[in-house]
Amino acid sequence: MSLSPLRTSLSCLLLLAAACSNAVAGPSDAVAENPSSINAPGSVGQAPASPTEPTAPAEDVGQVPTTPTPTDTVTPGETPTAEAPVVSTPGQSASVCAPLTSLSSLTGDLTTWLQTAPIALANSGGFKEPGGTELAAFEGAFRTLLTEGPTPQVVQDLAGMGYGVSTFRNATGGGWLVVREQGLLARGGGTFIINLFPARNLWLEAPHADSDEGTLRQTATQLVTLGARALLITGSNRCAVTTASPCSGTTSVCGTKGLRISDAAHYGNNFFTAAHRALRATYPDAIAASIHGMDAGTGPEAAVVSDGTSVLRPESISNRLRDALNTHLVGTKKAFSCNAVDDSGKHRALCGTSNVQGRIDNGAGDACFTEAAAASDRFIHLEQSATLRGTGASSRAVMQALADTVPCTLAGSGLGCQAVAAQDCP
Ligand SMILES: [Zn+2]
């Protein structure tokens, strides 16, 4: 019982290699559900709870921002105090594939489907804060899901919190676990995807998936294309409720000054943060990338990258991502880093130092109230102009830069990675 998750998944794949050749057939952008199980499957193709803004242009139009509305304007207000992050070793993993047969299964195109992920609208009241006991239970259940797979007990535990677990398979291969709110218990808690065949020790987060326009499509694409471990999608617009978040930092994005508790990046008592904590505990060395959008205005920045602190540190992972971005970006606007002494972009304040998930990864004493004093190089905060969040060359440059920054170290398939095993369960 000492197999690592990776080793175990490889064993599973080798055993199932013969069956892995029959990819699930289905329309590329439709979703079919095959209820085969002990779990009542939810409806599929359900209407999204919140229509998103019109998406960014299909063609890249250079470095001119086309969507000025999304902005991240958070500034920190606390003195940094922190210590090194506390991490723990992952638990043991059971077979990746074996427990899946008891789950409802979805097939289609994951990237397309995720764009209908439910997100409670601004001022809808749709975010309901879970209690502390429930958050701890969710974190534990999510961690079990990562280490042991969807055991009957963990599926039952999650169901008790309003979350269903399904498998998702693309027609082109690949397999994921989808953890999503179902039924009347929906509380704006978010949608979480776990890649069964990751290629990179990376996961993606979209805490402002709707208001930072384009980041939902972008992260969904990155999850699949890069072969990332997971994607966390907020279930609430950051302005869904009016209750103020006590966490340090401020913004005026909701019309009045101040952060709200529905802002997944600026409040810790939500399922999004619980899932983040579970991922961090399971994969202490993985990179978490929080993907955002800014109003770049007339500034020189195409992107502002941060390690979650404002500490100047030449070897920072944020500087490496900045350099990779500047290698691939076309046009006159460039990427800047909050952690490079020679960078002084107009939007440099957008360093994510008040991002709760970043503070957790950087070992802040209290992720809600205090900034981290030092960076762990396990967290990347990426602010992007509208152009980079589009679907053109600049968006592909972001993809390539992330691929350059986080190497292929796992067995699955991803951009530039040599998959060493089949990518499907039977
Ligand atoms: Zn944002």
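## Exercises: helices and core in a predicted model

In this predicted model, Gln 218, Gln 222, Thr 225 and Leu 226 of α5 make contact with Ser 395, Met 399, Leu 402 and Ala 403 of α9. The residues of this contact split into four nonpolar, four polar and no charged.

**Exercise 1.** Work out how the axes of α5 and α9 are oriented to each other: parallel, antiparallel, perpendicular or oblique?

*Solution.*
- Start by finding the helices: α5 covers residues 215–226 and α9 covers residues 393–405.
- Next, take the geometry: their axes come within 11 Å and cross at roughly 45 degrees.
- Now check the cut-offs: under 35 degrees would be roughly parallel, and roughly perpendicular runs from 65 to 115.
- So α5 and α9 are oblique to each other.
- Last, the hand: the α5 and α9 crossing is right-handed.

**Exercise 2.** Find out which helix gives the largest share of the largest nonpolar core, and pick out the residues that touch the most other members.

*Solution.*
- The core holds 103 residues, and those touching the most other members are Trp 203, Ala 230, Leu 231, Ala 275, Ala 289 and Leu 325.
- Its largest share, seven residues, comes from helix α6 (residues 271–282).
- Zoom in on Ala 289: leaving out residues up to four places away in sequence, Ala 289 touches Leu 202, Leu 204, Glu 205, Ile 380, Leu 382 and Leu 402.
- Leu 402 also turned up in Exercise 1, on the α9 side of the contact with α5.

**Exercise 3.** Say what percentage of the chain is buried.

*Solution.*
- Count the chain: 426 residues, with nine helices and 11 strands.
- Buried residues account for 56% of them.

Methods:
Residues numbered from 1 in each chain as written. Predicted model: local features only at pLDDT ≥ 70, side-chain atom pairs only at ≥ 80, totals over all residues. Axes fitted to C-alpha atoms, helices over the stretch in contact; angles between N-to-C directions. Helix = DSSP H or I, 4+ residues; strand = E, 2+ residues; numbered from the N terminus. Parallel < 35°, antiparallel > 145°, perpendicular 65-115°, else oblique. Left-handed = near helix turned anticlockwise from the far one by under 90°. Contact = placed C-beta atoms within 7 Å. Nonpolar A, V, L, I, M, F, W, Y, C, P; charged D, E, K, R; others polar. Core = buried A, V, L, I, M, F, W, Y, C linked by C-beta atoms within 7 Å. Buried ≥ 20, exposed ≤ 12 C-beta atoms within 10 Å, placed from the backbone.
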